[in-house]
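Me: Could you take me through one part of this model closely, namely the buried interior and what lies around it? I would enjoy a connected account rather than a list.

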Amino acid sequence: MKEPTVVRLAETERVSFGPLSEYQPIIGDDEGTTPVRTGIQTARPGYEAPVYPHPYLEILHILDGAAEAWIDGREGEAIVLEAGDTLAIPPDTPHAFRVRGDRVLRLLGTHASPRRIVTYKDGAPSDPRGYRARE
């Protein structure tokens, strides 16, 4: 990227994360031309992400709604995140989150990597772009 870039959310791709959630990539591409990747995930009540780690820092910033997040094996220590809260997850830390309450959750995710790399604890495959393969 050599010039400033404007990305309009309304014009971005929508990637399904199942029937209750979708992800819209903002900055980053399949070629890895930027040092980070960002996107907005929108999840409806009842959504729970599967446990997964990334081999790099991931930052989740809650835009709307609320979530509970936890580290795998430490579900009893789940933390509540509300609009304006940010969670930084260290590399190689298996974690998950779910929508809390009856409001839609919108979060901005930042991956400290030019590519999205994820390994799901349940063994579900990722497609070449790092998204969970549809079941």
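**A close look at the interior**

Reply: With 135 residues, a compact globule would have a radius of gyration near 14 Å, and the protein chain agrees because its own value is 14 Å; the radius is taken over C-alpha atoms, and the globule rule is 2.2 Å times the number of residues to the power 0.38. This is a predicted model, in which local features need pLDDT of at least 70 and side-chain atom pairs count only at pLDDT 80 or more, while totals for chains, interfaces and linings use all residues. Residues are numbered from 1 along each chain as its sequence is written, and side-chain values use heavy atoms, with hydrogens and water left out.

The chain has 0 helices and 9 strands (strands are DSSP runs of E, at least two residues; helices are H or I, at least four; both are numbered from the N terminus). Buried residues, those under 20% relative accessible area with a 1.4 Å probe and protein chains only, make up 36% of the 135 residues.

Now to the core itself. The largest nonpolar core (buried Ala, Val, Leu, Ile, Met, Phe, Trp, Tyr and Cys residues joined through side-chain atoms within 4.5 Å) has 22 residues, and Phe17, Tyr47, Tyr52, Ile62, Phe97, Leu105 and Leu107 touch the most other members. Two or more residues of this core come from each of strands S4 (58-64), S5 (66-71), S7 (86-89), S8 (95-99) and S9 (105-111). In soluble globular proteins, nonpolar side chains tend to be buried together.

Leu105 is a good place to pause. Beyond its neighbours within four places in sequence, Leu105 is in contact (heavy atoms within 4.5 Å) with residues including Gln41, Ala43, Ile62, Phe97 and Val99.

Strand S8 also holds His95, which counts as buried because its relative accessible area is 4%. Setting aside neighbours within four places, the contacts of His95 include Pro50, Tyr52, His54, Glu58, Trp70 and Ile89. Gly84, by comparison, is 11 residues from His95 in sequence, with 20 Å between their C-alpha atoms.

Trp70 leads us on to the second largest pocket, as one of the lining residues closest to its centre, along with Ala69, Ile71, Ile79 and Leu87. The lining comprises 12 nonpolar, 2 polar and 2 charged residues, and S5, S7 and S8 each supply at least two of them.

Methods. Buried means under 20% relative accessible area, exposed over 50%, partly exposed in between (1.4 Å probe, protein chains only). On a 1 Å grid over the protein atoms alone, a cavity is a set of points where a 1.4 Å probe fits but cannot get out, and a pocket is an open set with protein on both sides within 12 Å along at least five of seven lines; lining residues have an atom within 4 Å of a point. Ala, Val, Leu, Ile, Met, Phe, Trp, Tyr, Cys and Pro count as nonpolar, Asp, Glu, Lys and Arg as charged, and the others, Gly among them, as polar.
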